[in-house]
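Got the viewer open? Here is a short tour, one selection at a time.

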Amino acid sequence: MAGAFEEEAEQTITIQEYLKDVEEQELEADLVLGGDEGKDCTYSQGYLKRQAIFSCLTCTPDGNAGVCTACSLSCHDGHEILELWTKRNFRCDCGNSKFGEFFCKLFANKDVENVKNSYNHNFKGSYCTCGRPYPDPDVEDQVEMIQCCVCEDWFHEEHIGLDSSHEIPRDEEGEPLYEDFICQSCSANCSFLKRYPQAIMASRRHCDAIPNARKDKDVMKQTPAASGSEKVENDSSCKTDFVTSSQSISHEINVSNGESSANGICSNNSMEEDDQHGSCLFGSDVDLQSSIGDCKPLFLSKSWRDVLCKCQECKDMYNQKNISFLLDKEDSIMEYEKMAKQKREEKMQQLEGVEQSLLNKLGHVQKMEILTGIADMKDEMRNFLESFDPSKPITSDDIHQVFENLAKKRRRVE
């Protein structure tokens with residue numbers, strides 16, 4: 001019996017810990033959903049650059065359809081739903097021909113099929129080259145997976161084609177040092193990236209590395225393992241061996257080509273100049289196609305998309321390979337989560353504004369009653385927390401007692 005009580009005590013958390021956990025879960029949900037409140041079907045917005053997508057195995061067991069957040073909540077409540085995180089250039093399928101006689105409750109008038117949508121085995125609940133589900137029912141400890149920014153599939157670290165997981169760029173705390181990951185299969189299609197300076201490739205953090213490597217104190221933590229973040233300590237003896245400055249990378253290209261920035265090739269405004277003058281960063285034969293067996297997965301450093309050549313020849317090459325989205329900075333998960341954070345802040349500010357506006361419309365007596373009630377609530381909660389034994393769980397009786405004390409105090413005042 002004593003052991004059972006000890007186990008129960010270990011599972012208890014403080015109110016502060018609980019509130020912090022709730023806030024973190026709300027933020028994580030906002031990052032995944034992109035700030036979408038799930039009220040309206042996104043179909044009318046067309047093929048969105050990026051949005052949260054779900055697969056309903058109850059309605060489409062073949063895994064050939066995806067639905068938006070609102071439809072997953074309103075139309076498929078109680079169904080077997082797979083959360084696919086985000087997909088690019090996708091339009092909600094809910095209620096189209098793939099769903100038989102099932103119609104969307106939020107937006108019924110839809111095309112028979114969204115021809116531009118693309119689907120992979122994730123829609124069936126399979127991931128990685130091993131085709132296992134996530135979470136995997138046969139594995140006790142679920143391993144975090146990495147998402148390829150090209151095919152958008154998810155991979156286990158041991159299945160991405162590296163000799164060791166230590167080759168994955170991480171800092172001393174295990175946080176990713178890369179912004180994007182390209183799987184082994186897709187790296188063959190993106191072999192042209194090898195023509196760029198090694199600086200666009202993220203590398204493991206180590207001591208006594210390149211002495212002029214750029215330090216960046218900004219730490220941007222990514223929730224999913226699909227995207228990395230640059231994190232460099234203030235230790236002068238330890239640096240990262242990749243450069244995140246597009247200007248520095250541009251300079252490396254100029255030096256390697258024997259060109260000067262005056263020629264309009266990859267200077268500070270290289271991308272605009274490439275478009276104007278039609279000059280390619282690498283001349284002819286930019287793409288050296290490699291076989292999958294010759295390629296390894298790629299880990300790209302921060303802002304690597306900014307240095308990609310945007311001449312017409314390269315744009316045509318991107319289009320032929322169906323990877324023109326790499327030129328779009330807003331396609332990245334980092335930009336998607338940045339947008340989600342902005343929406344979250346705007347929503348919080350809006351709520352504060354509504355509360356303040358409501359308060360301003362009230363008379364003086366009503367304002368004082370509300371403010372007094374808030375103060376009483378704070379005092380009662382503080383008294384409860386100060387007198388409560390943190391080793392014990394909070395019960396419904398405790399909460400009822402708090403409000404009963406407030407009611408008694410109110411009756412005494414009246």
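Begin with the cysteines: how many disulfides does a search of the whole structure find? Zero, in this predicted model. To see a pair that fails the test, select Cys-183 and Cys-186. For Cys-183, the closest cysteine sulfur is the one in Cys-186, 3.6 Å away. A disulfide needs the two sulfur atoms within 2.5 Å, so this pair is too far for a bond. Are these two buried or exposed? Cys-183 is buried, at 5% relative accessibility, and Cys-186 is buried too, with a relative accessible area of 11%.

Next stop, the interior. Select Val-150, Phe-181, Ile-182, Leu-193 and Tyr-196: these have the most contacts inside the largest nonpolar core, which has 49 residues. Now color the elements that each supply at least two residues of this core: strand S2 (81-90), S4, strand S5 (180-182), strand S8 (298-300) and helix H7 (312-320). Which of them gives the largest share? That's S2, with four residues.

While you're here, look for another core that lies apart from this one. It has 15 residues, and Cys-68, Cys-75, Cys-94 and Cys-104 are among them.

Now zoom in on Val-150 and show what surrounds it. Leaving aside neighbours within four places in sequence, Val-150 is in contact with Arg-88, Ile-182, Cys-186, Cys-190, Ile-323 and Phe-325. You've met Cys-186 already, as a buried residue.

Follow that list to Phe-325. Where does this residue sit? Look in the loop between H7 and helix H8 (333-361). Phe-325 is buried, with a relative accessible area of 15%. Along the chain, Phe-325 and Val-150 are 175 residues apart, yet their C-alpha atoms are separated by 8.7 Å. Besides Val-150, Phe-325 touches Arg-88, Cys-149, Arg-305 and Asp-331, again not counting residues up to four places away in sequence. Arg-88 is on the contact list of Val-150 as well.

Last stop: color by pLDDT. The mean for the protein is 76, and 65% of the residues reach 70 or more. Among the elements, strand S4 (residues 154-155) has the highest mean, 96, and strand S7 (residues 238-239) the lowest, 40. Now select residues 206-246, where the pLDDT is below 50; beyond near neighbours in sequence, this stretch has 107 contacts in the model. Then try residues 255-277, also below 50, with 37 such contacts. A word of caution for stops like these: where pLDDT is low, the predicted coordinates should not be read in detail.

Definitions and conventions
Residues are numbered from 1 along each chain as its sequence is written. This is a predicted model: local features need pLDDT of at least 70, side-chain atom pairs count only at pLDDT 80 or more; totals for chains, interfaces and linings use all residues. Side-chain values use heavy atoms; hydrogens and water are left out. pLDDT is the predictor's confidence in each residue, from 0 to 100. Contact means heavy atoms within 4.5 Å. Buried means under 20% relative accessible area, exposed over 50%, partly exposed in between (1.4 Å probe, protein chains only). A nonpolar core is a set of buried Ala, Val, Leu, Ile, Met, Phe, Trp, Tyr and Cys residues joined through side-chain atoms within 4.5 Å.
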